[in-house]
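Student: Please take a close look with me at the sheet and at the places where the chain leads into it. I would like one connected explanation, with each term made clear as it comes up.

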Amino acid sequence: LIQSLLNKSNSSFIDIGSGYGQLSFNLKKANPDLDIHLLETSIERINLGIDGLQPNIDEFTFHHKLLDNKFASDYIDFFDISYCFHVLEHVYNIRDFIKNVFKITKKGGSIIIEVPNEDDDLLKLSSNYSKIIRFPAHVSSFNKFTLRYLLESLELGNYDIDFLPVQRYGFYNYIEWLRYNEKEKVTSDDYIARDNTSWIESFWLNEKYKNFTTDSIMMIIKKL
C-alpha cells in the first residue's frame, strides 16, 4: 500500500508511533531515496529496535517526542505519507492528534491510520478475547463510522477517504478463541496469509472483509 502511494523518488514519510522501527527500516531497503522520519515517545523502544535490527541510523531522522502542536508547526506540509499503525487507540486527545497529522501532511499527500476494529465479531463471541483487546491502554475504540464522524467533526478541509478491512489474526486463532475462550490455549496467530487455504477459511475471510468484521480497520486519507 505504501509503495502504491509513493509517486516520486524523493518522497518523505513519517512513522508516527514507530515503536521498534521495523516497518520503516524495511521500507528504506526498498526505497533508498525515501526521506524517512520515525516519531516515538519511548526512547527504550527506539534503542531496542536499533540494537536488534541494526539499521544505518544516518539514513533516518529520529524524533523522541509527541506529535504535538510544536512538532506540527515545525513540519507543516512536510510529509508525503503520514503513517500511524495501532496508535490512535492509545491517544487521549484524538482531535488534536488528527489535526496535527493533517498539518504535517502535504496537499496531495496521504495519511494511513490503522486501529483495532470495534466491529470485530470475535469481540462479541469470546469474552476473554474482548478483555484482551479492550484493555486499559486502549482509551478509545473505533469502527469505520466513528472514524468518518471524527474527521467530519474537525473541519479539516478537503480530503478523500477510504476504508480497508484488515484481518491481522488468522483462522485458527479465531477458532481457538471460540473453542477455548482462554488465552493460554490459543496457540496460533497466523499473521501471514497462507497460499491454498481451505474453502472454509476462504469463506470466513471473505465474510469478514465483506461485513467489515475484521480485527483491524485501515483508514486511507488523501489530503486535497
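Tutor: A residue is called buried when its relative accessible area is under 20%, exposed when it is over 50%, and partly exposed in between, using a 1.4 Å probe and only the protein chains as cover. This is a predicted model, in which local features need pLDDT of at least 70 and side-chain atom pairs count only at pLDDT 80 or more, while totals for chains, interfaces and linings use all residues. Residues are numbered from 1 along each chain as its sequence is written, and side-chain values use heavy atoms, without hydrogens and water.

Let us start with the whole sheet. It is open and has seven strands, running in the order β3-β2-β1-β4-β5-β7-β6 with mixed pairing, where strands (E, at least two residues) and helices (H or I, at least four) are DSSP runs numbered from the N terminus, and two strands pair if DSSP finds at least two bridges between them. At the edges are β3 (60-63) and β6 (159-166), each of which pairs on one side only. From one strand to the next, the twist averages 15°. The edge strand β6 runs antiparallel to β7 (residues 216-223), and eight bridges join the two; within this pair, P165 faces I217 of β7. Helix α5 (residues 94-104) packs on the sheet and touches β1 (12-16), β4 (79-85), β5 (105-116), β6 and β7, contact meaning heavy atoms within 4.5 Å. The direction of α5 makes about 145° with that of β5, an angle taken between N-to-C directions on a scale from 0 to 180 degrees.

Now turn to β1 and β2, which pair in the parallel sense over five bridges. Here D15 stands opposite L38 in β2. Strand β2 (residues 35-39) is mostly covered, with four of its five residues buried.

Two loops complete the picture. One lies between α3 and β3 and contains Q54. Just before Q54 comes L53, in helix α3 (residues 43-53), and L53 counts as partly exposed because its relative accessible area is 45%. Q54 itself is exposed, because its value is 60%, and Q54 has a phi near 55°, which is positive although the residue is not glycine. The other loop, between α10 (199-211) and β7, holds F212. F212 is likewise a residue other than glycine with a positive phi, about 55°, yet F212 counts as buried, because its relative accessibility is 14%.
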